[in-house]
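This report looks at how the interior of one protein chain is put together. It moves from a covered helix to an enclosed cavity, and then to the nonpolar cores.

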Amino acid sequence: MTHAIDCFVAQSGDAQHSTLASYTCIGNITSISELLKDDAPFISLERNLSTQALRHMVELCTSDYLLLYTHAGNLTIGYRAIERMLRTATESKADWVYSHRYIVKQGNTIAVPTNEYQEGSIRDDFDFGPLVLIRTEAIRQFLATEPEEVQHAALYQLRLYISRTSQLVHINEYLYTEYEHDIRTSGEKQFDYVDPRNRQIQIEMEQVCTAHLKDVGAYVDHHTLQSIDTTAGDFPYEATVIIPVKNRARTIGDAIESVLSQVTDFPFNLIVVDNHSTDGTEEIISQLANQQDSNNSEFKIQNSKLIHLTPERSDLGIGGCWDLAIRHPQCGRYAVQLDSDDLYSDPHTLQRIVDTFRSERCAMVVGSYRLCNFALETLPPGVIDHREWTAENGMNNALRINGLGAPRAFYTPVIREIGFPNVSYGEDYAVGIAISRRYRLGRIYEPIYLCRRWEGNSDAALSPDRVAAHNHYKDSLRTQEIRARKQLR
């Protein structure tokens, strides 16, 4: 009997095997970990597979389609779900099919949507879910191109190849249920990719992404990047720190104090954009901005730097507040970020950032930060330095990852030209990738910023649909950016 599908699972148990074997369209069911063993290691992590492992799998596959299940645990397949995936693949001529899913987490069943694949969905951690159906001939055609041998990024290579030559089709239905053992929140998971243990994986992923950008004509050569004139124009201050804030009475005073304690060889000021707070934040800012102390002239001078700005509009997101601040007549030559939850690590942070602008003549500077709790005690994974950025390829690798780091600072004439989108998520990434298309970016790899993680953080524990919405937005930014970069050729 000829079967339409051969199935490959990360680790096969009796329950898993029985579930899959009940489908008449499924033939062989192979455990990848048992198949490969020592001669071609399968990395037991999501999305990580070697070229040799992929080659072994397709050699064993005698069916038209290969069903790949990348998690080690069991799953429950929905009613006629495999047939649904197979029919979608055959009718749409798709080379890669995936769907929504449910996750059972601590006894609760949660709907986890997946996004439609688009041109900008090139980040290596795009969530297809652990169950995908791939046309076997597409894998053979990919391997026939003699791709660079990789130890971890073969699936990433394959799906980018398919995105160029065919299509990845999303079924907008919940077809199966997986059982989640990682009970961490979204805020805890978001830093996994910077784990030093995954550094080699990150390097491979970057190489694969860069090759893809070259293939589609969106690669940026670092030799074409422009430098800025650090003396051009007249500005009332050399630097302006910008803090957008809404309902952060618990943290805003500390953030303001962190700025006003900066020691520099240039004049600077602070614009706090209070987006109509209702929890006492406004009163704290006003008190600091207006407080007079005749016995402390230094305090008066410091606080004269503070501009308390309340938008006339009520429809601004974080990006809109940023855009309002950079266009303020008192905004300096360089606009420097500080979130209302966070602190600069010492009184020399602002000087360090401006020195980088001056020495590297870049249009944007991105620093490094240390994750900490409210008591400023370090939290895992500690320092987030984004060392995946390099002067030679950072502008391309930026399209593979979901963020550039913090604190962020901008050359005001350039950021005024580009402008911030009026959103409350991804506004910094949007302008960062746009700047990196044309201008040099400077990096500071030592921690100069304290990122305080607490229950009030906006990304502390996001629902799956909110995570999907955020990722979809950043994919759309990458789509726009890829198309813009193609126009440079």
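A residue is called buried here when its relative accessible area is under 20%. The model is a predicted one, and in it helix 16, which spans residues 427–438, is mostly covered, with ten of its twelve residues buried. Those buried residues are Glu-427, Asp-428, Tyr-429, Ala-430, Val-431, Gly-432, Ile-433, Ala-434, Ile-435 and Ser-436.

Over the whole chain, 54% of the 489 residues count as buried, and the chain contains 17 helices and 17 strands. Among contacts between residues at least 6 apart in sequence, 79% join residues at least 24 apart. The accessible surface comes to about 21200 Å², and carbon and sulfur atoms account for 47% of that area.

Helix 16 also takes part in enclosing empty space. The structure holds one cavity of 30 Å³ or more, and the volume of the largest cavity is about 40 Å³. Its lining consists of Trp-322, Gln-337, Arg-408, Phe-410, Phe-420, Glu-427 and Asp-428; strand 16 (408–411) and helix 16 are the elements that give two or more residues to this lining. By class, three of the lining residues are nonpolar, one is polar and three are charged.

The nonpolar interior is divided into separate cores, two of which are set out below.

| Core | Residues in core | Named members |
|---|---|---|
| Largest | 107 residues | Trp-96, Leu-158, Val-241, Ile-243, Val-272, Phe-357 and Ile-435, those with the most contacts inside it |
| Second, separate | 26 residues | including Cys-7, Cys-25, Leu-133 and Ile-171 |

Helix 6 (residues 154–165) supplies the largest share of the 107-residue core, namely seven residues. Ile-435, a buried residue of helix 16, is among the residues with the most contacts inside this core. Another of them is Ile-243, which, leaving aside residues up to four places away in sequence, touches Ile-252, Ala-255, Ile-256, Val-259, Leu-270, Ile-271, Val-272, Val-273, Leu-338, Asp-339 and Ser-340.

A last residue to consider is Met-85, which lies in helix 4 (residues 81–92). Why does Met-85 count as buried? Met-85 counts as buried because its relative accessible area is 1%, and the cut-off for that class is under 20%. Not counting residues up to four places away in sequence, Met-85 touches Val-97, Tyr-98, Leu-131, Val-132, Leu-133, Ile-171 and Leu-175, and two of these partners, Leu-133 and Ile-171, are included in the second core. The C-alpha atoms of Met-85 and Trp-96, residues that are eleven apart along the chain, are separated by 9.7 Å.

Terms used: Residues are numbered from 1 along each chain as its sequence is written. This is a predicted model: local features need pLDDT of at least 70, side-chain atom pairs count only at pLDDT 80 or more; totals for chains, interfaces and linings use all residues. Side-chain values use heavy atoms; hydrogens and water are left out. A nonpolar core is a set of buried Ala, Val, Leu, Ile, Met, Phe, Trp, Tyr and Cys residues joined through side-chain atoms within 4.5 Å. Buried means under 20% relative accessible area, exposed over 50%, partly exposed in between (1.4 Å probe, protein chains only). Helices (H or I, at least four residues) and strands (E, at least two) are DSSP runs, numbered from the N terminus. Contact means heavy atoms within 4.5 Å. Accessible areas come from the Shrake-Rupley method with a 1.4 Å probe; for residues, only the protein chains shown count as cover. On a 1 Å grid over the protein atoms alone, a cavity is a set of points where a 1.4 Å probe fits but cannot get out, and a pocket is an open set with protein on both sides within 12 Å along at least five of seven lines; lining residues have an atom within 4 Å of a point. Grid points are joined across faces, edges and corners, and a volume is the space filled by probe spheres set on the points. Ala, Val, Leu, Ile, Met, Phe, Trp, Tyr, Cys and Pro count as nonpolar, Asp, Glu, Lys and Arg as charged, and the others, Gly among them, as polar.
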